[in-house]
Amino acid sequence: MRILGIDPGLRRTGFGVIDVLGSRLHYVASGTIIVPPDQPLAQRLKVILDNIREVVQSTQPTVSALEKVFVNTNPASTLLLGQARGAAMCALADSDLDVYEYTALQVKKSVVGNGHAAKEQVQKMVQHLLALSGLPAADSADALACAICHAHFNPLTQRLKETGQLTASHTARVRGGRLVS
């Protein structure tokens with residue numbers, strides 16, 4: 001399975017691609033889409049859309065994982081971030097990829113073991129888990145962490161679907177290492 005992880009942002013959108021072979025994770029590619037701040041909003045969203053399509057075309061992932069957005073203290077910033085996330089989701093859906101969504105808390109807990117981990121901790125663990133020679137950039141690390149999170153959650157989700165304990169309309173949530181409905 002090849003997973004494309006996306007950390008959406010209106011200024012910087014991170015992407016990371018990993019291969020999952022059994023329980024082993026292998027780094028494929030990562031980077032940051034820099035969105036010019038001087039362009040109108042529609043053009044900025046198009047930059048995200050076009051660049052993610054290009055990443056999908058060049059790396060050929062089989063599935064995607066996208067970080068969910070929560071309300072920040074500034075509602076206007078939250079709405080703009082939601083639009084950037086929407087552009088990313090449209091690019092993934094347009095490329096016929098299944099899109100799985102994870103909260104920042106789920107991603108950090110899956111990668112670091114602590115849902116409130118600092119960005120530097122996420123970067124270090126991504127470097128360790130993927131045996132990278134250097135520390136990945138913050139946006140790339142967050143996107144790779146999102147892909148790693150899916151690699152950890154997917155076997156459980158698939159097994160629950162196979163046994164009929166999880167339907168297509170029901171999503172699995174894990175709290176404290178246990179499945180919560």
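Here is a chat about a predicted model, one question at a time.

Reader: Let's start with the overview: how many helices and strands are there, and what pattern do they follow along the sequence?

Author: The protein has five helices and seven strands. Going along the sequence, the pattern reads β-β-β-α-β-α-β-α-α-α-β-β. Buried residues account for 42% of its 181 residues. As for contacts with a separation of 6 or more, 56% of them link residues 24 or more positions apart.

Reader: Which residues does UniProt put under "active site"?

Author: The record, an unreviewed entry, gives Asp7, Glu67 and Asp139 for that annotation. Keep in mind that such annotations may be inferred rather than shown by experiment.

Reader: What makes you say that they gather at one spot?

Author: They span 133 residues in sequence, yet no two of their C-alpha atoms are more than 11.6 Å apart, so they do gather at one spot. Asp7, Glu67 and Asp139 are also part of the lining of the second largest pocket.

Reader: And what does UniProt list for "binding site"?

Author: Asp7 and Asp139, again from an unreviewed entry. This set also spans 133 residues in sequence, but its C-alpha atoms are no more than 6.6 Å apart, so these residues gather at one spot. Both Asp7 and Asp139 help line the second largest pocket.

Reader: Why is Asp7 called buried?

Author: The cut-off for buried is under 20% relative accessible area. Asp7 comes in at 8%, so Asp7 counts as buried. You'll find Asp7 in strand 1, residues 2–7. Leaving aside residues up to four places away in sequence, Asp7 touches Arg12, Thr13, Gly14, Glu67, Asp139, Asp142 and Ala143.

Reader: How do you know that Asp139 is buried as well?

Author: Its relative accessible area is 15%, and the limit is under 20%, so Asp139 is buried. Asp139 sits in helix 5, which covers residues 138–162. Beyond residues up to four places away in sequence, its contacts are Asp7, Arg12, Gly14 and Thr32.

Reader: What makes the Asp139 and Arg12 pair a polar contact?

Author: The distance test is a pair of N or O atoms within 3.5 Å. The side chains of Asp139 and Arg12 make their polar contact at 2.7 Å, so that test is passed.

Reader: How do you know that strand 2 and strand 3 pair?

Author: Pairing takes at least two bridges. Strand 2 (residues 12–21) and strand 3 (residues 24–34) are joined by ten, so they pair, and they run antiparallel. One example is Phe15, whose bridge partner in strand 3 is Gly31. The two strands form a hairpin with two residues between them, and Gly22 in the turn has a positive phi of about 65°.

Reader: What about Arg85: why does that one count as buried?

Author: Arg85 has 14% relative accessibility, and buried means under 20%, so Arg85 makes the cut. Arg85 belongs to helix 2, residues 75–94. Apart from residues up to four places away in sequence, Arg85 touches Pro8, Leu66, Glu67, Lys68, Val69 and Glu101.

Reader: Why is Lys108 called partly exposed?

Author: Partly exposed lies between the buried limit, under 20%, and the exposed one, over 50%. Lys108 has 24%, so Lys108 falls in between. Lys108 is in helix 3, residues 104–111. Between Lys108 and Lys119 there are 9.0 Å from C-alpha to C-alpha, and the two are eleven residues apart in sequence.

Reader: On to the cysteines: why is there no bond between Cys149 and Cys146?

Author: A disulfide is a covalent bond between the sulfur atoms of two cysteines. In the model, a pair counts when the sulfur atoms are within 2.5 Å. Cys146 holds the closest cysteine sulfur to that of Cys149, at 6.3 Å, so the pair is too far apart for a bond. The structure holds zero disulfides.

Reader: Are Cys149 and Cys90 buried or partly exposed?

Author: Cys149 has 0% relative accessibility, so Cys149 counts as buried. Cys90 has a relative accessible area of 49%, and exposed means over 50%, so Cys90 is partly exposed.

How values were computed
Residues are numbered from 1 along each chain as its sequence is written. This is a predicted model: local features need pLDDT of at least 70, side-chain atom pairs count only at pLDDT 80 or more; totals for chains, interfaces and linings use all residues. Side-chain values use heavy atoms; hydrogens and water are left out. Helices (H or I, at least four residues) and strands (E, at least two) are DSSP runs, numbered from the N terminus. Buried means under 20% relative accessible area, exposed over 50%, partly exposed in between (1.4 Å probe, protein chains only). On a 1 Å grid over the protein atoms alone, a cavity is a set of points where a 1.4 Å probe fits but cannot get out, and a pocket is an open set with protein on both sides within 12 Å along at least five of seven lines; lining residues have an atom within 4 Å of a point. Contact means heavy atoms within 4.5 Å. A polar contact is a pair of N or O atoms within 3.5 Å; within protein, one must be able to donate a hydrogen and the other to accept it, and residues adjacent in sequence count only if both atoms are side-chain atoms.
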